Amino acid sequence: VVYNKMVGGKVDTTEPMESKQELISVNETLDYLGDVFFHDCLFFILIYLFIYYLKIVGEESQRGKLMQAGAILDIIDTVAGRIAWNYVRGPVVTVCVDRVDFLLPIRHLDLVRLEGRLVQTGSSSMVVAVKGYKQIVEPVRGFVHVCDCYVTMVAVTDTGAPKKGIPQIQCSTPEEEAYREHAILRKDVHSKWDKLEIELSKRQNLKIEDILDPLNNLNKTEFLTIPQTEVKVKRHFFVKHENNHKTIFGGEVLQWIDKIATHTARNFTKNPYMWTVSMSRVVFKKPIYVRDVVELIAHVVYVRTHVLEVEINVSIQRMGGPKVSSHSAHFMIINADENGNKQPLKVGLRLEEEDQKSMMIYLKAKER
């Protein structure tokens, strides 16, 4: 991991960075931040903090095979968390991972590079933009863009409460302002969806002919109801999965739920060659501790020609307490062959008007 502060200057344009600026060591960055904190200055022009994470992912025995997206989601959370921690010089937790789209599949033993930058701050929150690249050798040598997302981290005190009054960053270039505006736009889109979801929940007596997507039946030879696609698992996390605040790393949770989502899709299609192409916005409503029993329930909720959607709902059983909902997520997973080329799905969903709950789940997935 390399930590840098961006200031005026240039860099080697063969690198995948978009900014053409000079790199300064993290020690100088942290010294600068220390001076700011010492003088109780809450507003300053920083100067983005960057992390460049390079890793050869996967296992030698699986060389060339498709990798689960969860491994990359774990690294994304690590990069965002390190940038946030560097900025406030204290504990932070992941509260939200915005939609992640994987433009290209990542395979075992690919060299992956993730670049993170701080783009927005609130009273206790920080938004980090993360871009992912992988190295290719054909048709030309270099790095190609494979994914990007925004991660929201929150600074916390020793008791776990939000730490208010963190320093604010100001946008000093058009590029910085564009990142900030895009982060705000993504948040607004999801706020509008939350309102639409509430309105959809009010609909009653849903009819199949009103909501069914024709692609659900196109060239399908087998049909299952949504309850028939269910996969339920329970687990404990271990001390090795804890962060400095004694809660479970968000990246560890993301890696786990992607694994279950992919398993659910494989069960549905009877095809082992399934890979995640996108994950919807995930908001961690409750922290997860080592002593918790974590339950995950997954369903296939929407089917098109080549892709399907898996809905994940996670709940927590506190020791001596009630079961509470932690978070939910939606994964779009593509049906592929051994080489990663998309293939038509042969299995569809069967809707039944007597099961209005499943009808509503399908409708929301369709509108999403």
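In the views below, Ala, Val, Leu, Ile, Met, Phe, Trp, Tyr, Cys and Pro count as nonpolar, Asp, Glu, Lys and Arg as charged, and the others, Gly among them, as polar. One thing to keep in mind as you look around: this is a predicted model.

**View A. The second largest cavity has a lining without charged residues.**
This cavity, the second largest, holds about 70 Å³ of space. Around it you'll find M67, Q68, A69, I72, F102, L104, P105, I106, W275 and T276. Two elements, α2 (69-88) and β13 (274-279), give two or more residues each to this lining. Sorted by class, the lining of the second largest cavity comes out as eight nonpolar residues and two polar ones, with no charged residues.

**View B. Helices α2 and α5 pack against each other.**
Here α2 meets helix α5, which covers residues 250-269. Their axes are 8 Å apart, and the packing angle is about 165 degrees. That is over the 145-degree cut-off, so α2 and α5 count as roughly antiparallel to each other. The crossing of these two helices, α2 and α5, is right-handed. On the α2 side, look for A69, G70, A71, L73, D74 and D77; on the α5 side, the residues they meet are G250, G251, E252, L254, Q255 and D258. The classes in this contact of α2 with α5 are four nonpolar, four polar and four charged residues.

**View C. Helices α3 and α6 cross at roughly 150 degrees.**
Now move to helix α3 (residues 174-201) and helix α6 (residues 356-367), whose axes come within 11 Å. With the cut-off for this label being over 145 degrees, α3 and α6 are therefore roughly antiparallel to each other. As α3 passes α6, the crossing is right-handed. W193, E197, L200 and S201 are the α3 residues in the contact, and they meet M360, L363, K364 and E367 of α6. By class, the contact of α3 with α6 includes four nonpolar residues, three charged ones and one polar one.

**View D. The largest pocket has a volume of about 850 Å³.**
The lining of this pocket is made of 31 residues, and the closest to its centre are W193, S280, R281, H330 and R368. Who supplies the lining of the largest pocket? At least two residues each come from α3, β13, β16 (307-317), β17 (323-335) and α6. The largest share of the lining comes from α3, which brings eight residues. If you've just come from View C, you'll recognise W193: it is one of the α3 residues that meet α6, and here it is among the closest to the pocket centre. By class, the lining of the largest pocket has 13 charged, eleven nonpolar and seven polar residues.

**View E. The second largest pocket holds about 640 Å³ of space.**
Of the 28 residues lining this pocket, V92, V93, T94, N243 and T247 are the closest to its centre. At least two lining residues each come from α2, β5 (92-97) and α5. The largest share of the lining, five residues, belongs to α2. By class, there are 14 nonpolar, ten polar and four charged residues in the lining of the second largest pocket. You've met α2 and α5 before, as the pair of helices that pack together in View B.

**View F. A cis peptide bond joins E138 and P139.**
This close-up is about the backbone. At the bond between E138 and P139, omega is about 0 degrees. P139 has its place in the loop between β8 (125-136) and β9 (142-155).

**View G. N205 has a positive phi.**
In this backbone view, phi of N205 is near 50 degrees, a positive value in a residue other than glycine. Where along the chain is N205? Look in the loop between α3 and α4 (208-211).

Definitions and conventions
Residues numbered from 1 in each chain as written. Predicted model: local features only at pLDDT ≥ 70, side-chain atom pairs only at ≥ 80, totals over all residues. Heavy atoms only, no water. 1 Å grid on protein atoms, 1.4 Å probe; cavity = no way out; pocket = protein on both sides within 12 Å on 5 of 7 lines; lining within 4 Å. Points joined across faces, edges and corners; volume = space filled by probe spheres on them. Helix = DSSP H or I, 4+ residues; strand = E, 2+ residues; numbered from the N terminus. Axes fitted to C-alpha atoms, helices over the stretch in contact; angles between N-to-C directions. Parallel < 35°, antiparallel > 145°, perpendicular 65-115°, else oblique. Left-handed = near helix turned anticlockwise from the far one by under 90°. Contact = heavy atoms within 4.5 Å.
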